[in-house]
Amino acid sequence: MIAGDDALLVDAGLGVRRLRTEIEKRGIAPERLSGILLTHEHIDHVRGAIPFARRYKVPLFSTAGTLETLFAQERRDAPYQILPAGGEVGVGSFGVRSVSVTHDAVDPVGFRVSFGDTALAYATDTGTVTPEFREACVGASLIAIESNHDIHKLRFGPYPDSLKARILGRHGHLSNNAACDLILSHASEQGPACFWLSHLSEINNTPRMAMNYWKKRAKAAGLLPSGKAGVFGPAVVEVALRDQPSLVYRTRTRAVQLALF
Ligand SMILES: [Zn+2]
Ligand SMILES: [Zn+2]
């Protein structure tokens with residue numbers, strides 16, 4: 001996320017060199033980042049975290065459980081600040097709240113990040129939409145929500161039964177179905193917002209499937225198509241690609257870039 005010359009990163013799943021390149025492409029010097037927020041310790045979220053934090057002296061923010069596990073995993077320390085689930089902290093010019101999610105990690109969280117009167121909510125890697133995350137979405141203009149798998153594609157796909165059960169379980173991942181449930185309830189209760197379907201499985205989903213599923217659900221719910229792809233009623237829905245930065249969200253006055261994860 002970028003605000004003026006201040007920026008922060010949510011997760012650091014890429015290697016340190018690629019992270020640096022992507023950040024510099026957006027006009028930010030890596031050492032200018034105010035912090036890296038970590039959702040949990042799985043490798044696709046932390047690959048570059050410690051080397052980046054050490055090299056550029058950028059603090060990692062996460063729960064004690066996530067940070068302890070990460071430091072033990074890598075056997076190296078880095079600048080950090082503990083942010084317990086439910087806690088709030090200022091990171092540069094951003095206000096950050098961490099919110100509990102349910103995932104098979106030590107103490108995983110999502111985030112609500114605010115800047116001025118703009119707020120965004122972010123949760124991937126969660127088997128359920130927790131009440132804390134729902135609350136974090138109130139008033140947010142951008143909601144990045146996991147849309148990991150198509151339930152049928154997963155059920156009839158190549159994964160072993162134990163892995164299928166893990167993904168479908170309370171501590172697994174949200175399906176396209178679950179993401180659409182959140183979007184529809186948010187749209188009817190809270191009005192306009194932009195949603196990024198995120199953390200798509202390479203095996204059990206495709207961007208097209210996720211988008212088509214949303215279209216089907218939006219039509220069934222009676223939301224009127226605007227004529228623009230993915231936009232139905234008050235909900236602007238886009239799909240974040242898994243292997244490259246793909247989406248940019250701009251507020252009227254400032255840019256918020258959240259495409260690296
Ligand atoms: Zn993940
Ligand atoms: Zn995970």
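This section describes the overall dimensions, a group of paired strands, the main nonpolar core and two unusual backbone conformations in a predicted model.

The secondary structure of the protein chain amounts to 9 helices and 15 strands. Along the principal axes, the C-alpha atoms occupy a box of roughly 50 × 45 × 30 Å. The radius of gyration of the protein chain is 18 Å, which agrees with the value near 18 Å for a compact globule of 261 residues. Of these 261 residues, 45% count as buried. When contacts between residues at least 6 apart in sequence are considered, 62% join residues at least 24 apart.

Strand β7, formed by residues 94-100, pairs with two other strands. With β6 (residues 88-91), β7 pairs in the antiparallel sense over 4 bridges, and Glu88 stands opposite Arg97 of β7. The hairpin of β6 and β7 has 2 residues between the strands, and Gly92 in this hairpin adopts a positive phi near 55°. The pairing of β7 with β8 (residues 109-115) is likewise antiparallel and runs over 6 bridges; here Ser100 is placed opposite Val109 in β8. Strand β7 is mostly covered, with 5 of its 7 residues buried.

In soluble globular proteins, nonpolar side chains tend to be buried together. The largest nonpolar core of the model contains 74 residues, and Ile36, Ala49, Ile143, Phe195 and Leu197 have the most contacts inside it. Helix α8 (residues 176-190) supplies the largest share of this core, 6 residues. The surroundings of Ile143 were examined further. Apart from neighbours within four places in sequence, Ile143 is in contact with Leu120, Ala121, Cys137, His186, Ala193 and Phe195.

Positive phi values also occur at two residues that are not glycine, Lys57 and His199. Lys57, with phi of about 55°, is located in the loop between α3 (49-56) and β4 (60-62). His199, with phi near 55°, belongs to the loop between β11 (193-198) and α9 (207-220). The burial of each residue follows from its C-beta neighbour count. Lys57 has 12 C-beta neighbours inside 10 Å and therefore counts as exposed, since a residue with 12 or fewer falls in that class. His199 has 26 such neighbours inside 10 Å and so counts as buried, the threshold for that class being 20 or more.

Terms used:
Residues are numbered from 1 along each chain as its sequence is written. Chains are lettered from A and ligands numbered from 1 in the order in which they are written. This is a predicted model: local features need pLDDT of at least 70, side-chain atom pairs count only at pLDDT 80 or more; totals for chains, interfaces and linings use all residues. Two strands pair if DSSP finds at least two bridges between them. A nonpolar core is a set of buried Ala, Val, Leu, Ile, Met, Phe, Trp, Tyr and Cys residues joined through C-beta atoms within 7 Å. Two residues are in contact if their C-beta atoms, placed from the backbone, lie within 7 Å. The radius of gyration is taken over C-alpha atoms; the globule rule is 2.2 Å times the number of residues to the power 0.38.
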